[in-house]
Amino acid sequence: MKRSIKVIVTLLLITLLLPINVSAVTLKEYEDAVAKYTAELKEKEAKIAKGKEEIAAVKKNIADTEQKIAATEEEITRLQEEIERCDKEIKKKDAESKKIMEYYQIENGNNAYLEYIFGATSITDMVYRMSVAEQLTDYNDKIMKELKQLIETNKAKKAELAKKQEELETLKKKLESEKERIEQEVSGVEGTVPSTKGQIELYQKRVNYYRSKGCNSNDIIGVTCDVPPKVNPSGGGSVSPGAIIGENGFRFPVNGGRISWGYGGGHKGVDITRGCGTPIYAIAPGRVYYVGNGLDNYGAYMVLIVHNVNGRLVFSQYAHVQPGIPVYVGQSVDTNTVVAYMGSTGYSTGCHLHLEMSRDYGWAYNGTYSQYVNHITSPWNYVPSPY
Ligand SMILES: [Zn+2]
């Protein structure tokens, strides 16, 4: 006990003492994500297969039950017919007994049975006649009694079967609702399969991309591999006339221009106006990693660039630009590179540039979108103000 507490404390201390680098997104994290979602997909597929097996078993059970219900119904019909047949037979025997009596009554005038018996020619004859009449009626009585017994038995059997049939119907209903429940469960799992497949595809794409850039599992993306060009403070190169360059090597993205909406208060970037078609320059050396209008919900065209500031990743976004974008993904750019032309694409009422920046996490570069949003920073932390 004491020993295990010691181990836990030691582990905690080690965890606390380790330098925490929030920007460290290693390739392994993406590989792990691929493995995690692949395992999830496998689990879901197994669940679906099991559910389908269960559905097949329940279906078979329902078919069996239906067969039993049909057999029971048939047996009930048969018993009913038997009862009716017995009933008829009883009526027939009853009529027969009456006929025997009538016969003797007719034979002996109105004095009926007893007179007939006493009118016998001899005692022997009398006994004989008595016994014949008695035997015939006794026989019929016996048959009728047996038939009545049979009716009772059949009625009891029929009632028992009706009860059994009711039980089978209840069972069938239960099986049907069970089937429905499993079917819903299966379709529920099936519904989440495409999104899991999408996650696998997304992370696999990233893994493949960074592998193609020479990254290994433990490399930190953009820092120890796939490193963008470094931003050198006041670092040489030709400078276009009118450019405002800061000591840190960053520049204001257009020559001239006016700030039409500042950073903050719900605005994630800075809006700059300078007329439609104004060339927009990269704010610092870096590498283009996205060009297009597929990321923004309103379809704004944008260019995304990753910069390397002393090993720290800094990202810049140029949005609402014109569709004809003069740079391509993977291109290294510097402060003299025109990366776009001022436009009004997406959610915009007039030509302007929306310049947005983040640190450590870039939109569609590493981490999740919410991680990116939480790392947005004011462009004025890097870009020199034109005023
Ligand atoms: Zn804006």
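A residue counts as partly exposed when the number of other C-beta atoms within 10 Å of its own falls between the limits for exposed, 12 or fewer, and buried, 20 or more. In this predicted model, L161 meets that description: 18 other C-beta atoms lie within 10 Å, so L161 is partly exposed. The residue belongs to helix α4, which spans residues 123-212. Once its neighbours within four places in sequence are set aside, L161 is in contact with T72, E75 and I76. T72 sits 89 residues away from L161 along the chain, yet the C-alpha atoms of the two are separated by 6.5 Å.

Turning to the chain as a whole, the model contains 5 helices and 10 strands. Of its 387 residues, 23% count as buried. Among contacts between residues at least 6 apart in sequence, 68% join residues at least 24 apart.

In soluble globular proteins, nonpolar side chains tend to be buried together. Here, the largest nonpolar core comprises 40 residues, and those with the most contacts inside it are I280, V303, I305, Y318, V321 and V339. Two or more residues of this core come from each of the strands β2 (269-273), β3 (279-281), β4 (286-292), β5 (301-309), β6 (312-321), β8 (338-341) and β9 (353-359). The largest share, 7 residues, is supplied by β5. V321 offers a helpful view of the packing: beyond its neighbours within four places in sequence, V321 is in contact with I280, Y301, M302, V303, A340, Y341, M342, G343, T345 and L353. Apart from this core lies another, of 10 residues, which includes Y37, Y203, V207 and I221.

Two aspartates deserve a friendly word about their backbone. Most residues other than glycine have a negative phi. In contrast, D226 has a positive phi, near 50 degrees, and D360 also has a positive value, near 70 degrees. Both are found in loops: D226 in the one between α4 and β1 (258-261), and D360 in the one between β9 and α5 (369-373). Where the cut-off for burial is 20 or more other C-beta atoms within 10 Å, the two aspartates fall on opposite sides. D226 has 19 C-beta neighbours inside 10 Å and therefore counts as partly exposed, whereas D360, with 22 other C-beta atoms within 10 Å, is buried.

Technical notes
Residues numbered from 1 in each chain as written. Predicted model: local features only at pLDDT ≥ 70, side-chain atom pairs only at ≥ 80, totals over all residues. Core = buried A, V, L, I, M, F, W, Y, C linked by C-beta atoms within 7 Å. Helix = DSSP H or I, 4+ residues; strand = E, 2+ residues; numbered from the N terminus. Contact = placed C-beta atoms within 7 Å.
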